[in-house]
Amino acid sequence: MNSEEKFDVIIVGGGPSGLGAAYMLAKYGFNILVIERGGRIGSKNIFGGRIYSYAFKKIIDDFEKDAPIERWVRKERLSLMNDTDALTLELSVGNEYNNSFTTYLSTFLRWLAKRVEDLGAFILTGVKVDKLLIEDRKVTGVLADGDRFKANVVIDAEGINPILIRDARFREDWKPHEVAVGVKEVIKLPKNIIEERLNLGDDEGVAQLFIGYPTKYLPGGGFLYTNKETINIGIVVRLDHAIKNRISIYDLAEDFRQHPYIKNIVKGGSVIEYAAHLVPEVPQYNLDKLYGDGLLVVGDAAGFVLNMGFTIRGVDLAFWSGILAAEAVKKAHDEGKYTKETLSVYKTLLEDSFIIKEMQLHSKIPSILGNASLYDNYVKGIIDVLKNIYAIDDNPKKISKLMIDILHKHDLTLIDLMKDLLTVFMNV
Ligand SMILES: Cc1cc2nc3c(=O)[nH]c(=O)nc-3n(C[C@H](O)[C@H](O)[C@H](O)COP(=O)(O)OP(=O)(O)OC[C@H]3O[C@@H](n4cnc5c(N)ncnc54)[C@H](O)[C@@H]3O)c2cc1C
């Protein structure tokens, strides 16, 4: 490839957001280049394990048939966990419920990249973009490995650590309370053992989140997702809490794996992958900073991740922001210029989309999830109440009194409980 060649669009990053933009732009027939620093597409990307399918189905006709899906999630579980016990709520759904699926992100992205290449786009791997080229305050391309690549528009899809746009003063660094750090392990086990231990039908998947013990009762949680022949387990903990409490994320992950509930599920398995990564915890997007002369910002770099407590959504939002960025480029192209003004249509597209509507609807969730007693007193108190109710002996007890006594032991009152429930109810 001749680095002097001018592209319509250069996309920095071959993650879900970059490939979403690339797919749509290639479909429109633009001449595009994706630059990915990983040696292979997918080699630098990590996630917990589940993707919501709706966004992909809207764009890719044969998605369900062709995508590398490991298991459709048919069981949703939420567990409160103390040092020794777990209390689990389960939603088990029928066979037609293809709402979300588990996959290996690397395999999934390689599949998507192949689709993008089949549409005629160039993907350059193993090359890191060092700098945005800026002339007269307009982004005109990128500098990568000493080569200058020119384009009408650069789409920044560089993920959670957007150094390029930070250096170009488009955004600031994340603050510790705005991000969490996650560790994930992939554990290999035979398919039938996974299905037996997790009570799954053939090719059914489970998505399970845990709160309490996995993060030593700090804001954050643990997760478990099943692939065909592997189980992903891991934890995510808010960075400010991890720093303040001098907690090692690796120790947390190890303790989580050793918890009796998890130990029984993964026993005999071998860890075949281990990775750590940051994840946005508090949505931090500024719609006016996501477009400029010759520039658009998508995905994690734009701050589009939703941690809703019972689930984390990043891949679907990243992919869709890429699609909207492609639409914005198309509209700017139709107007014959790629200025801040023409590309500002990206802001309108975002505002009209489910991305911003969802983020606004759930904007209070981060502060609710920041309530430390949710992870500590409540988890311990609720498990304790149920353990005592289920423990039958020769000591008669009135359940309501038992509940009040135990909640009191955990520094909780029924009024606290009502107040917190009301706060959650009013804000979700
Ligand atoms: C522990 C954890 C669990 C998660 N679980 C889930 C989940 O279960 N479901 C879900 O939907 N989301 C989950 N997420 C969030 C999800 O992974 C992200 O929101 C999503 O990957 C964002 O996509 P992206 O394309 O914006 O960024 P990324 O996936 O980070 O992709 C950015 C790409 O840009 C490349 N890049 C960066 N800088 C440069 C450069 N200078 N030059 C060239 N290339 C560059 C990187 O190598 C990378 O490939 C999780 C995240 C974490 C950390």
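Arg 71 is a good place to start: with a relative accessible area of 1%, this residue counts as buried (buried means under 20% relative accessible area, exposed over 50%, and partly exposed in between, using a 1.4 Å probe and protein chains only). Keep in mind that this is a predicted model, where local features need pLDDT of at least 70 and side-chain atom pairs count only at pLDDT 80 or more, while totals for chains, interfaces and linings use all residues. Residues are numbered from 1 along each chain as its sequence is written, and side-chain values use heavy atoms, with hydrogens and water left out.

So what does Arg 71 form a salt bridge with? The partner is Glu 195, and the closest N and O atoms are 3.0 Å apart. (A salt bridge here is a side-chain nitrogen of Lys or Arg within 4 Å of a carboxyl oxygen of Asp or Glu.) Because Arg 71 sits in strand S4 (residues 71–81) and Glu 195 in helix H6 (residues 191–197), the pair ties together parts that are 124 residues apart in sequence. Helices (H or I, at least four residues) and strands (E, at least two) are DSSP runs, numbered from the N terminus. Glu 195 is buried too, at 12% relative accessible area.

Follow the charges a little further and you meet Asp 202, which forms a salt bridge with Lys 191, with 2.5 Å between the closest N and O atoms. Asp 202 lies in the loop between H6 and strand S12 (204–212), and Lys 191 in helix H6, so this pair joins parts that are 11 residues apart in sequence. Asp 202 is exposed at 59%, while Lys 191 is partly exposed at 22%. Arg 71, Lys 191, Glu 195, Asp 202 and Asp 203 are linked in a network of salt bridges.

Back in strand S4, there's another pair to look at. Arg 77 and Glu 90 meet through their side chains in a salt bridge of 2.6 Å, N to O. Glu 90 belongs to strand S5 (residues 86–92) and Arg 77 to strand S4, 13 residues apart. Arg 77 is buried at 9%, but Glu 90 is partly exposed at 39%. The whole structure has 27 salt bridges.

Now for something without charge. Ile 399, Met 403, Ile 404 and Leu 414 make a nonpolar surface patch of about 320 Å². Patch residues have over 30% relative accessible area and no salt bridge; like charges are joined within 9 Å, and nonpolar side chains (Val, Leu, Ile, Met, Phe, Trp, Tyr) within 5 Å. Helix H16 (residues 399–409) gives the largest share, three residues. Met 403 is in that helix, partly exposed at 31%.

Note on methods: Areas by Shrake-Rupley, 256 points an atom, 1.4 Å probe, with all protein chains shown as cover.
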